[in-house]
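Here is a short report for a first look at this chain. Please view the sequence and the model before reading on.

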Amino acid sequence: MLGKSLVQAAAEFTYEVSKPNKTFIRPPGSADEETFLALCDKCGKCIEACPTGVLDRVKEMNPIVLDTPFMNFENNYCEQCYACIEACPTGVLSKENLERFRYVAKLDKNRCVAFQDVFCQSCYWSCPQMDKAITLIDFNYPEFHSEHCKGCGKCVHACPTIPKSITLVKVRNENT
Ligand code: SF4
Ligand code: SF4
Ligand code: SF4
C-alpha cells in the first residue's frame, strides 16, 4: 500500500511540475479530463478503430498525457461513428458520457482571418449544419451558434490559420 501511494504521489508531483500547456480534445464519449487520465490505459485501440484518422497520440513529453488519445483536427474530422467507444476496453469512453457531454465549436475572432477582412468562408462551407451552427454576417464574418453544433470538427479541420481559429470545447448537457 505504501509503495502504491508513493508511486501515485510521484506521478501527481510529476504532473504538477510539468502540466501540459495545452488542452487536448479527447475522443467522443470521454468524461472530464481528470477521470479520463485516471482510467485511460493508453492502449491505442480507439486510435486503431477510428476510420477517419482524426484520433492521434499525444506526443508531449509529460508522462501523464504522453500517448493518450486526442482528436487531431490537423489530420481530419470526426464522423461520429463511435467505433472508438466500441473499441475502448476500459470504459473510459462510453455512450453514457455522450448523453452527459458534447463538444461545441468555439471561434477565436482574434485569430480568424475574416476579421482581418480576408475572404475565407472555409468553416462555413465545411459545416454540415450550414446556416444553423455557422452563419455569415455580410458574406464573410462567421458567427457560431452552439445550440446547433454537432461537434464534428469539420470547421476546425477546414480552418486555414496556424494555429487554428476554432476549437472544440466540452460542455455538459442540461438535465444530466
Ligand atoms: S466517433 Fe468514429 S470518427 Fe469520431 S473519433 Fe471515434 S472512431 Fe473516429
Ligand atoms: S481505447 Fe480507451 S483505454 Fe485505450 S487508449 Fe483509447 S480511450 Fe484509452
Ligand atoms: S463542429 Fe461541425 S457542426 Fe459544429 S460548427 Fe463545426 S462543422 Fe459545424
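Where is the place of Phe139? Phe139 sits in the loop between β4 (134-137) and β5 (141-144). Helices and strands here are DSSP runs numbered from the N terminus, helices being H or I with at least four residues and strands E with at least two.

This is a predicted model, in which local features need pLDDT of at least 70, side-chain atom pairs count only at pLDDT 80 or more, and totals for chains, interfaces and linings use all residues. Residues are numbered from 1 along each chain as its sequence is written, while chains are lettered from A and ligands numbered from 1 in the order in which they are written.

**The chain**

Seven helices and six strands make up the chain's list of elements. Along the sequence the pattern is α-α-α-β-β-α-α-β-α-β-β-α-β. Of the 176 residues, 30% are buried. Buried means 20 or more other C-beta atoms within 10 Å of the residue's own, exposed means 12 or fewer, and partly exposed lies in between, with C-beta atoms placed from the backbone.

**The ligands**

Each ligand has a shell of near residues. A residue is near if its C-beta atom, placed from the backbone, lies within 6 Å of the molecule. Ala, Val, Leu, Ile, Met, Phe, Trp, Tyr, Cys and Pro count as nonpolar; Asp, Glu, Lys and Arg as charged; the others, Gly among them, as polar.

| Ligand | Residues around it | Closest residues | Make-up of the shell |
|---|---|---|---|
| ligand 1 | 15 residues | Cys50, Cys78, Cys81, Ala83 and Cys84 | twelve nonpolar, two polar, one charged |
| ligand 2 | 14 residues | Cys40, Cys43, Lys45, Cys46 and Cys88 | nine nonpolar, two polar, three charged |
| ligand 3 | 15 residues | Cys127, Ala133, Cys149, Cys152 and Cys155 | nine nonpolar, four polar, two charged |

**Loop residues**

Why does Phe139 count as exposed? Phe139 is exposed because it has 9 other C-beta atoms within 10 Å. Its phi is near 60°, a positive value in a residue other than glycine.

Gln121 also has a positive phi, near 65°. Gln121 lies in the loop between β3 (101-107) and α6 (122-126). Gln121 counts as partly exposed because it has 15 C-beta neighbours inside 10 Å.

Pro163 is found between α7 (154-158) and β6 (166-172), in the loop. The peptide bond from Ile162 to Pro163 is cis, with omega near -5°.

Ser94 lies in the loop between α4 (83-87) and α5 (95-100). The C-alpha atoms of Ser94 and Cys84 are 9.3 Å apart. Cys84 is also among the residues nearest ligand 1.
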